[in-house]
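Got the viewer open? Let's take a walk through this model, one selection at a time.

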Amino acid sequence: MGKLDEYDPLEDFAPRKITLGEATKMVHVSGTGPGVIVIPEVPGISPHVARFARWVREAGFTVYLPSLYGRDGEPVDLEVGQAVFKRVCVSAEFRAFGAGGSAPVTRWLRALARLAHEECGGPGVGAIGMCFSGNFALSMMLEPSMLAPVLSGPALPLDDDAGLHIAQEELQVVKQRLDKEDLTVMAYRFEGDRFCKPQRFAAYQEALGDRFIGRVLPDSAANPDVPEFFREVVRTPHNVVTVHLIDEEGQPTLHARDEILEFFSRRLACDG
């Protein structure tokens, strides 16, 4: 895996402690252009997550990479990853179990989207949630500046395969906004993903109609060369744009990455 299994000091990002409401979090910021929030997957801002954030930056955006859990820049370690996973599963901030409600952390992320729009300008901002944070980008649509939500392997709630991890009344507001502003939600999963099953995409489709664009990749498209945490704990093709992405021309995961970048470009173009 080359440098992806080594510590990434994130030296090309500016670390900023950002206080929004009552919460202060470290956010790594880099780039120019409209803002895009890359919400890391569990166990944190790994070299794989940072690689994706750099791809977003190179596509012409200012990346905001918030530190929500884990050790920033550390390669994924089995024991550390297991400890982070257990911790976030019981955290009230993330609300891993129980459908019908949004995670409290999404309020902070909506405020971050508002700040990113103020700082970067343009028509609005985009966001991608991955795995544990996958659903968060949808809840962020309650913030008017959020124009381009991407859900990659949305895994929550962990105890309801068809759960959407957003309050019903919030979901209705989001649907009305998607219709009114002619916006769409992009989502990605692997066919055999045990954390994001067909029932979840079907529930999104039922709730959002043709505003939800779900892409399902074959399991054979997933990179088999992954860190031990993903082999031992995740045990399923799951992380479309990070560890399970194969960075080779013609690969379905690379096509998914390019489609996401194009989606951000289309929605956030200053002339759009």
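Start by clicking on Arg 114, which has a relative accessibility of 40% and so counts as partly exposed. Bear in mind as you go that this is a predicted model.

**Stop 1: Arg 114 and its partner**

Keep Arg 114 selected and add Glu 143: their side chains meet in a salt bridge, at 2.6 Å from N to O. Arg 114 belongs to helix α3 (residues 105–120), while Glu 143 sits in the loop between α4 (136–139) and β6, so the contact ties together parts that are 29 residues apart in sequence. Is Glu 143 buried or exposed? Glu 143 is buried, at a relative accessible area of 6%. As a general point, side chains of opposite charge can pair when their charged atoms come close.

**Stop 2: another charged pair**

Now select Arg 211 and Asp 179. They form a salt bridge too, with 3.1 Å between the closest N and O atoms. Arg 211 is in the loop between α6 and β8 and Asp 179 is in helix α5 (residues 168–181), so this pair ties together parts 32 residues apart in sequence. Arg 211 is buried, with a relative accessible area of 16%, whereas Asp 179 is partly exposed at 34%.

While you're on charged groups, show Asp 8, Asp 12, Arg 54 and Arg 57 together: salt bridges with shared partners join them into one network. Zoom in on Asp 12 and Arg 57, where the closest N and O atoms are 2.8 Å apart. That bridge links distant parts of the chain, since Asp 12 is in the segment before β1 (14–20) and Arg 57 is in helix α1, 45 residues apart. Asp 12 is partly exposed, with a relative accessible area of 33%. Across the model, the salt bridge count comes to 13.

**Stop 3: helix α1**

Arg 57 has already brought you to the next stop, so select residues 47–58, helix α1. The helix has twelve residues and reaches 16 Å from its first C-alpha to its last, close to the 16 Å expected at 1.5 Å a residue. How many of the twelve residues of α1 are buried? Eleven are, so α1 is largely enclosed by the rest of the structure. Among the buried ones are Phe 52 and Trp 55, and also the charged-network members Arg 54 and Arg 57.

To see what surrounds the helix, turn on these elements, which the buried residues of α1 pack against:

- strands β2 (23–30) and β3 (35–39)
- strands β4 (62–66) and β5 (125–130)
- helix α8 (252–268)

Then step just past the end of α1 to Gly 60, which takes a positive phi of about 110 degrees.

**Stop 4: strand β7 and its neighbours**

Move on to residues 185–190, strand β7. Which strand is joined to β7 by six bridges? It's β8 (residues 212–217), and the two run parallel. On the other pairing, β6 (residues 146–152) and β7 are also parallel, over three bridges.

Ala 187 is a handy landmark here: it stands opposite Leu 151 and also opposite Gly 214 in β8. Phe 190, for its part, stands opposite Leu 217 in β8. Now add helix α6 (residues 198–208) to the view, and you'll have a right-handed β-α-β unit made of β7, α6 and β8.

In a regular strand, the side chains alternate between the two faces of the sheet. Colour β7 that way: Val 185, Ala 187 and Arg 189 are on one side, with Met 186, Tyr 188 and Phe 190 on the other, and all are buried.

**Stop 5: backbone oddities in the loops**

Finish with a few backbone details. Select Val 42 and Pro 43, which are joined by a cis peptide bond with omega at about 15 degrees; Pro 43 is in the loop between β3 and α1. A cis peptide bond also joins Leu 156 and Pro 157, where omega is about -5 degrees. Pro 157 is found in the loop between β6 and α5.

Stay in that loop for His 165. Its phi is near 60 degrees, a positive value in a residue other than glycine, and His 165 is buried at a relative accessible area of 1%. Lastly, pick Cys 131 in the loop between β5 and α4. Phi of Cys 131 is near 55 degrees, again positive without being a glycine, and Cys 131 is buried, with a relative accessible area of 14%.

Methods
Residues are numbered from 1 along each chain as its sequence is written. This is a predicted model: local features need pLDDT of at least 70, side-chain atom pairs count only at pLDDT 80 or more; totals for chains, interfaces and linings use all residues. Side-chain values use heavy atoms; hydrogens and water are left out. Helices (H or I, at least four residues) and strands (E, at least two) are DSSP runs, numbered from the N terminus. The expected span of a helix is 1.5 Å times one less than its number of residues. Buried means under 20% relative accessible area, exposed over 50%, partly exposed in between (1.4 Å probe, protein chains only). Contact means heavy atoms within 4.5 Å. Two strands pair if DSSP finds at least two bridges between them. A crossover is right-handed if, with the strands pointing away from the viewer, the path from the first strand over the helix to the second runs clockwise. A salt bridge is a side-chain nitrogen of Lys or Arg within 4 Å of a carboxyl oxygen of Asp or Glu.
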